[in-house]
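Dear colleague,

I am passing on a structure that you have not worked with before, together with some notes on what was found in it. Please keep it open while you read.

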Amino acid sequence: MFWINELRFLAAVAVIILHVSASYIPSLGGNDYSLFIINLYESSVRWSVPIFVIITGFLLNDDKPVNLSIFYQKRVKRILLPLLFWSIFYLIWIFAKTIILNREHNLTDIFISILEGKPYYHLWYLYMIIGIYFFAPLMNLVVNKLDEKNVFPFVLVMFVMSFFSVLQDLFIEKEKTIFIFMFLKFIPFYMFGALYKNNTDIRFKWITSRLTIPICFLGIFMSFLILNKLWGIDVAFIAYSYNNPLVVIMSLSLFTMFKLRSKPRLSGKIFDLGNSKALGIYLIHPVFLDLFNYLGAFDTSFLLALAIPLFSLLAFGFSLFFCFLLSKLVWFNKLV
């Protein structure tokens with residue numbers, strides 16, 4: 001399925017743009033222009049992670065009887081080794097940074113970060129996907145039993161519930177939670193992808209229009225600025241939540257748009273490697289962002305409109321090359 005490959009490749013690039021943009025936020029100060037540019041890029045790529053989960057639902061759903069033993073064995077082989085290796089790698093990376101930058105870091109922080117599924121800021125996805133994989137057979141069973149007339153209401157209710165959970169996290173003080181609950185907010189994305197697998201007539205008008213994506217982008221962009229102006233940046237970040245209705249609609253629209261395409265538009269060796277190593281690119285790129293930051297690259301005095309795509313391209317290129325090198329090693333190839 002060419003469109004799946006294209007979406008996966010673009011999502012990997014979009015995640016890097018998202019993280020490069022976010023890297024400038026600590027040095028913002030009161031620079032409204034820099035925040036405007038950062039928000040521009042951030043708002044345009046919020047669909048990246050939801051797309052990965054939607055693709056997972058689409059690929060894993062099967063209306064035929066599933067051998068649970070075989071299903072879980074495949075998922076464990078796919079996720080367990082990278083999760084263990086990269087968790088250890090980034091814990092060592094953090095320790096090295098504390099020495100180089102003369103910062104404090106204790107064992108309690110390390111233990112808590114693992115329980116939260118965030119030994120490093122991007123690794124939460126690996127910890128979250130464990131829950132998705134574990135409940136995938138059950139979610140597939142539910143999805144495949146739905147009548148087509150119940151498809152839209154079911155998905156809609158799931159997304160509404162997930163958004164209310166985001167509001168709860170924002171306005172109600174909560175204790176830290178362990179990583180096993182992270183997947184709950186992404187269930188609707190998985191189910192949408194799973195529904196689309198065997199219900200090809202799911203073509204809601206509100207997600208097939210080419211205007212939907214730019215409208216959602218503009219809505220995310222403006223809502224962040226407005227919320228920031230009224231209540232500050234901590235509240236404004238709700239605009240970037242993956243369960244924000246605008247982000248949800250943007251993600252579903254993009255997936256649907258690619259699903260309905262009739263011919264591929266991306267090709268070449270870089271595309272093929274980037275698509276096959278999308279997970280590896282996701283896992284490796286923070287190393288290069290840290291190096292850029294150490295060299296002073298994420299200074300808002302730079303021309304951000306050009307700096308963000310430039311450093312995103314560099315991070316993608318370095319990550320892709322590193323994945324290429326690892327792919328030549330049989331054992332390490334399984335890590336990316």
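**A residue in a loop**

N244 has a relative accessible area of 8% and is therefore buried, although "loop" is the word for its place in the chain, between α11 (233–236) and α12 (245–259). Please bear in mind throughout that this is a predicted model. When residues up to four places away in sequence are set aside, N244 touches F163, I220, I238 and A239.

**Salt bridges**

How many salt bridges does the count come to? The count comes to three, and each of them is described below.

One of them joins R261 to E6, with 2.9 Å between the closest N and O atoms. Because R261 lies in the loop between α12 and α13 while E6 belongs to helix α1, this pair ties together parts that are 255 residues apart in sequence. Both ends can be placed by their accessibility: R261 is buried, with a relative accessible area of 18%, and E6 also counts as buried, at 1%.

A further salt bridge is formed where the side chains of D290 and K97 meet, at 3.3 Å from N to O. This pair, too, links distant parts of the chain, since D290 is in helix α14 and K97 in helix α4 (residues 68–100), 193 residues apart. Is each partner buried or partly exposed? D290 has a relative accessible area of 14% and is buried, whereas K97, with a relative accessible area of 21%, is partly exposed; the cut-off that separates the two is 20%, as buried means under that value.

The remaining pair is E42 and R46, whose side chains meet at 2.6 Å, N to O, and both of these residues are buried.

**Helix α13 and what it packs against**

Helix α13 covers residues 269–276, and its buried residues are F271, L273, G274 and N275. Which helices do these buried residues pack against? They pack against α1 (2–23), α14 (278–294) and α15 (304–327). Two of these helices have appeared above, as α1 holds E6 and α14 holds D290.

**A nonpolar patch on the surface**

Turning to the surface, F111, I112, L115, I178, I180, F181 and L184 make a nonpolar patch of about 610 Å². One of its members, I180, is found in the loop between α7 (151–171) and α8 (187–198), and with a relative accessibility of 45% I180 counts as partly exposed.

With best wishes

Technical notes: Residues are numbered from 1 along each chain as its sequence is written. This is a predicted model: local features need pLDDT of at least 70, side-chain atom pairs count only at pLDDT 80 or more; totals for chains, interfaces and linings use all residues. Side-chain values use heavy atoms; hydrogens and water are left out. Patches are made of residues with over 30% relative accessible area and no salt bridge: like charges are joined within 9 Å, nonpolar side chains (Val, Leu, Ile, Met, Phe, Trp, Tyr) within 5 Å. Accessible areas come from the Shrake-Rupley method with a 1.4 Å probe; for residues, only the protein chains shown count as cover. A salt bridge is a side-chain nitrogen of Lys or Arg within 4 Å of a carboxyl oxygen of Asp or Glu. Helices (H or I, at least four residues) and strands (E, at least two) are DSSP runs, numbered from the N terminus. Buried means under 20% relative accessible area, exposed over 50%, partly exposed in between (1.4 Å probe, protein chains only). Contact means heavy atoms within 4.5 Å.
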